[in-house]
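The following questions and answers concern the structure shown below. Please read them with the sequence and the model at hand.

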Amino acid sequence: PFDVLIVGGGPAGAASAIYTARKGLRVGVAAERFGGQVLDTMGIENFISVPYTEGPKLAAQLEAHVKENDVDIMNLQRADKLIPATREGGLHEVVLANGASLKAKTVILSTGARWRQMGVPGEEEYRNKGVAYCPHCDGPLFKGKRVAVIGGGNSGVEAAIDLAGIVGHVTLIEYDSQLRADAVLQRKLGSLSNVKVITSALTTRVNGAEKVTGLTYKDRNSGDEHDIELEGIFVQIGLVPNTEWLQDAIALTPRGEIEIDARGQTSQPGIFAAGDATTVPYKQIVIAMGAGSTAALSAFDYLIRLPAE
Ligand code: FAD
């Protein structure tokens, strides 16, 4: 068995692997796609101490750094089921989609999350060419330009307030007849002069040439279609944690985030979690790496307290 089995090979999992391997532990990483969301990212300008890098380059560096250490990387392996140990100090089991089963004294869950997409024509085509999902990451790329935010929940309204301070103009598009964000956020939004809110609107198409040039939405009351010219579209209709497979094994919030404490401990002794899959407040590369390191050190602390075999 492994001392530490890490499920997920994004920034959080990579950090967990390096920290635990450097303690001399027997470490395995099972990942559906080593690199995680970083593989889908173009420019990265907020990875502290690295003014500019690109996703595929950072993902390759993550893998190279993990491989500097004695870690068993099992790439292209999806975990389907977690069976926690029945007694404290017992072995946890992770069942893979290929039927194999891995056992470990501690498990670190770092399966990340995925942005919910609109699923309209042009969205995929113009991803990273005007279609964006992370205002903290890509907001500054649209300095002085016109953008839309899709979604009027808390994250959409927060994004619109954030972007209004950077870009030229923000159009917030909400499907429902009213915004769903907290009243305090809606009041703040209403005080901004360069924000326009359109409700009862369904985005039907992303328009572009080489990059995004606009979007088309349908007025849900009249049925009429309208075009808006703009340079950027921030889709804020939900970040979905990759935790469906954990539902019966550990405590998740109603939104599916793994509940962790400040040490990365989950509801099950010996099982830790880190990164976008968890309740950690902000979802960013540096934050996921920090959280992965925290979970790793917590797993080590747990292991040194287990009775000798
Ligand atoms: P992820 O990166 O999501 O990695 C999850 C890992 O788990 C992957 O290896 C995945 O294959 C694996 N996995 C999932 N389910 C299973 C399973 N059942 N079994 C096995 N493995 C599984 N952040 C920034 O700080 N700066 C940026 O500029 C930036 N830009 C971004 C741009 C885009 C387009 C996107 C999508 C995100 C961006 N982010 C950015 C956010 C950042 O990528 C994430 O916060 C970070 O990658 C989270 O790391 P993680 O390790 O928690 O999860």
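Q: Which of the residues around the ligand come nearest?
A: The model is a predicted one. The ligand has 39 residues around it. Those that come nearest are Gly8, Gly10, Gly36, Gly112 and Gly275.

Q: By class, how many charged residues has the shell around the ligand?
A: The shell can be divided into nonpolar, polar and charged residues. Nonpolar residues number 19 and polar residues 14. The charged residues number 6.

Q: Which helices and strands each supply at least two residues of the shell around the ligand?
A: At the level of domains, domain 1 and domain 2 each give the shell at least three residues. At the level of helices and strands, at least two residues each are supplied by strand 2 (27-31), strand 9 (113-115), helix 1 (11-21) and helix 6 (285-304).

Q: What separates the centres of domain 1 and domain 2?
A: The domain assignment places 2-114 + 239-304 in domain 1 and 117-235 in domain 2. Taken over C-alpha atoms, the centres of these domains are separated by 32 Å.

Q: At what angle do helix 1 and helix 6 pack?
A: Two packed helices are described by the angle between their axes and by the distance between those axes. For helix 1 and helix 6, the axes are 7 Å apart, and the crossing is right-handed. The packing angle is about 35°.

Q: How many charged residues has the contact of helix 1 with helix 6?
A: On the side of helix 1, the residues that meet helix 6 include Pro11, Ala14 and Tyr19. On the side of helix 6, they include Ile285, Met289 and Phe300. By class, this contact has 14 nonpolar residues, 5 polar residues and no charged residues.

Q: Which strands are the edge strands of the open sheet of 5 strands?
A: The strand order in this sheet is 10-17-11-12-13, and the pairing is parallel. An edge strand here pairs on one side only. The edge strands are strand 10 (131-132) and strand 13 (195-198).

Q: Which residue in strand 17 is the bridge partner of Val149?
A: Strand 11 (residues 146-150) and strand 17 (residues 232-235) run parallel and are joined by 4 bridges. Helix 4 (residues 154-164) lies across both of these strands, as well as strand 12 (169-173) and strand 13, and runs at about 165° to strand 11. In strand 17, the bridge partner of Val149 is Phe234.

Q: Which residue in strand 16 stands opposite Gly214?
A: An open sheet of 3 strands has the order 14-15-16 with antiparallel pairing, and its edge strands are strand 14 (201-208) and strand 16 (225-229). The twist averages 25° from one strand to the next. Strand 15 (residues 212-219) pairs with strand 16 over 5 bridges. Opposite Gly214, in strand 16, stands Glu229.

Conventions: Residues numbered from 1 in each chain as written. Predicted model: local features only at pLDDT ≥ 70, side-chain atom pairs only at ≥ 80, totals over all residues. Pairing = 2+ DSSP bridges. Contact = placed C-beta atoms within 7 Å. Axes fitted to C-alpha atoms, helices over the stretch in contact; angles between N-to-C directions. Near = placed C-beta within 6 Å. Nonpolar A, V, L, I, M, F, W, Y, C, P; charged D, E, K, R; others polar. Domains from an automatic or database assignment. Left-handed = near helix turned anticlockwise from the far one by under 90°.
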